[in-house]
Amino acid sequence: GTLLGADPLCAWDSARLLYIEPGNSPSVVPGDTLTLSSGANLRDGDGVSPASTATFTVQVPSAPVKPQVLIDAPPSFDLCSSFEAKAALVVPSSRPVTWSWRALNDAPLNGPLVALGGATFFSASGTQEFTTLDKEYQIGVTATDFMGTRSQETLLYTVKKGRPSPAVQFI
């Protein structure tokens with residue numbers, strides 16, 4: 001693909017202001033330099049100016065849209081089971097996302113969460129990272145997009161139960 005992606009939208013916002021919206025799978029980022037091609041025969045909105053070959057630097061939007069985070073995890077788990085929490089963006093992006101995790105109310109759990117670099121936190125059977133039974137753990141997750149725009153923190157509340165959950169088997 002191109003810097004602007006497939007099928008970008010270009011429209012005159014006024015006689016002198018060109019609006020460019022990247023298409024699908026763009027690679028352009030703030031700080032990149034773009035040069036208008038003389039072959040494109042781009043003129044001002046009134047069509048009066050000579051064709052432009054201007055060079056410009058892509059800026060961060062004046063009002064960037066903050067990413068929004070969803071967390072998929074169980075509301076509780078028992079001391080024998082494993083635990084998995086998956087973070088995702090409400091509006092998925094093909095661009096890189098940096099995830100930040102933390103435990104708001106538990107220092108032993110905070111270490112592994114802060115060290116986590118991805119969108120999924122997994123704790124194996126026994127969940128040794130969760131050291132206190134019958135406690136509601138508060139976990140916060142934020143996402144930072146490729147422009148450096150950070151989401152609001154999304155909170156997850158989950159309880160590690162002190163007794164195994166009953167298993168029912170039908171014969």
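A contact is a pair of residues with heavy atoms within 4.5 Å of each other. By that criterion, 55% of the contacts in the chain with a separation of 6 or more are between residues 24 or more positions apart. The structure shown is a predicted model.

**Figure 1. Overview of the chain and its secondary-structure elements.** The predicted model contains one helix and 11 strands. Read from the N terminus, the elements follow the order β-β-β-β-β-β-β-β-α-β-β-β. Of the 171 residues in the chain, 25% are buried. The exposed surface of the chain amounts to about 10,700 Å², of which carbon and sulfur atoms supply 54%.

**Figure 2. Alternating side chains along strand 8.** Strand 8 spans residues 98-103. On one face lie the side chains of Trp99, Trp101 and Ala103, which are buried. The side chains of Thr98, Ser100 and Arg102 point to the other face and are not buried.

**Figure 3. Pairing of strand 8 with strand 10.** Strand 10 comprises residues 135-144 and runs antiparallel to strand 8. The two strands are joined by six bridges. Trp101, one of the buried residues of strand 8, has Val141 of strand 10 as its bridge partner.

**Figure 4. The open sheet of strands 5, 7 and 9.** Three strands form this open sheet in the order 5-7-9, and their pairing is antiparallel. Strand 5 (69-72) and strand 9 (120-123) each have a single partner strand and stand at the edges, so one side of each lacks a neighbour in the sheet. On average, and with direction ignored, neighbouring strands of this sheet are turned by 10° against each other.

**Figure 5. Detail of the contact between strand 5 and strand 7.** Strand 7 covers residues 83-89 and is antiparallel to strand 5. Four bridges connect strand 5 with strand 7. Within this pairing, Ile71 has Ala87 in strand 7 as its bridge partner.

**Figure 6. Surroundings of Asp106.** Asp106 occupies the loop between strand 8 and helix 1 (107-115). The relative accessibility of Asp106 is 7%, and because buried means under 20% relative accessible area, Asp106 counts as buried. A polar atom of the Asp106 side chain lies 3.0 Å from the backbone nitrogen of Leu109. Leaving aside residues up to four places away in sequence, Asp106 touches Glu129, Thr131, Thr132, Lys135 and Tyr137. Strand 10 (residues 135-144), which is joined to strand 8 by six bridges, is also the strand shown in Figure 3.

How values were computed:
Residues numbered from 1 in each chain as written. Predicted model: local features only at pLDDT ≥ 70, side-chain atom pairs only at ≥ 80, totals over all residues. Heavy atoms only, no water. Buried < 20%, exposed > 50% of the residue type's maximum accessible area, 1.4 Å probe, protein only. Pairing = 2+ DSSP bridges. Axes fitted to C-alpha atoms, helices over the stretch in contact; angles between N-to-C directions. Polar contact = N/O pair within 3.5 Å; in protein donor to acceptor, adjacent residues only side chain to side chain. Areas by Shrake-Rupley, 256 points an atom, 1.4 Å probe, with all protein chains shown as cover.
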